[in-house]
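Here's a quick walk through one model, going from a single side chain out to the whole chain. Have the sequence and the 3D view open as you read.

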Amino acid sequence: MKMPGGRSGILSLSIKDKAVLYSAYMPFITNGGLFIPTEKQYKLGEEIFLLLNIMDEVDKIPVAGKVVWITPRGAQGNRSAGIGVQFSDQDDTARVTIENHLAGSLESDRPTHTM
């Protein structure tokens with residue numbers, strides 16, 4: 001996953017690999033969500049805006065969401081620092097696109113990065 005710097009308040013995330021998408025996606029969160037690796041400090045409940053580029057999709061997907069969990073730098077188990085972002089219920093484009101890319105993979109028992 002690559003997150004180039006951008007305008008303040010707008011995150012940009014590119015996921016080029018299905019395995020990375022699988023480990024970052026959080027289907028157990030209402031409306032779906034993603035784990036976004038970042039060193040930037042966020043607060044729970046903070047609203048964010050994300051431009052998401054998934055694998056071979058031509059267009060970036062604009063996603064509104066909010067921070068629902070925080071993994072701080074130096075967390076146990078060598079977990080990556082970052083935030084869990086819940087997608088807004090206003091638009092399910094990101095969730096549908098991700099689930100289409102992961103069709104069949106979400107039912108597997110393979111552990112994910114976020115668990």
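Which backbone oxygen does the side chain of Gln-86 reach? That of Thr-30, at 3.0 Å. Keep in mind that we're looking at a predicted model.

## Around Gln-86

Gln-86 sits in strand β5. With a relative accessible area of 15%, Gln-86 comes in under the 20% cut-off, so it counts as buried.

Who's around it? Setting aside neighbours within four places in sequence, Gln-86 touches two runs of residues and one more besides: Ile-29, Thr-30, Asn-31, Gly-32 and Gly-33, then Ala-64, Gly-65 and Lys-66, plus Val-68. Thr-30, then, turns up both in this contact list and as the partner whose backbone oxygen the Gln-86 side chain reaches.

## The aromatic pair

There's one aromatic pair in the structure. The ring centres of Phe-28 and Trp-69 are 6.5 Å apart and the planes meet at 10°, so this pair goes down as stacked. Phe-28 belongs to the loop between α1 (18-24) and β2 (33-37), while Trp-69 is part of strand β4 (residues 61-71), so the pair ties together parts 41 residues apart in sequence.

Is Trp-69 buried or partly exposed? Partly exposed: its relative accessible area is 22%, and because the buried class stops under 20%, Trp-69 falls outside it.

## The overall layout

Zooming out, the protein has two helices and five strands. Going along the sequence, they come in the order β-α-β-β-β-β-α.

How much of the contact network is long-range in sequence? If you take contacts with a separation of 6 or more, 60% of them join residues 24 or more positions apart. Of the 115 residues, 39% are buried. The protein exposes about 6,800 Å², and carbon and sulfur atoms supply 50% of that.

## How far to trust it

The mean pLDDT of the protein is 85, with 83% of the residues at 70 or more. Over residues 1-7, though, the pLDDT is below 50. This stretch still has 16 contacts in the model beyond near neighbours in sequence, so take a look at them with that pLDDT in mind, since pLDDT is the predictor's confidence in each residue.

What about the strands? Confidence is lowest in strand β1 (residues 10-15), at a mean of 90, and highest in strand β5 (residues 82-87), at 95. Strand β5 is also where Gln-86 is found, which brings us back to the starting point.

Terms used:
Residues numbered from 1 in each chain as written. Predicted model: local features only at pLDDT ≥ 70, side-chain atom pairs only at ≥ 80, totals over all residues. Heavy atoms only, no water. pLDDT = per-residue confidence, 0-100. Helix = DSSP H or I, 4+ residues; strand = E, 2+ residues; numbered from the N terminus. Contact = heavy atoms within 4.5 Å. Buried < 20%, exposed > 50% of the residue type's maximum accessible area, 1.4 Å probe, protein only. Areas by Shrake-Rupley, 256 points an atom, 1.4 Å probe, with all protein chains shown as cover. Phe/Tyr/Trp six-rings, centres within 6.5 Å; stacked < 30°, edge-to-face > 60°. Polar contact = N/O pair within 3.5 Å; in protein donor to acceptor, adjacent residues only side chain to side chain.
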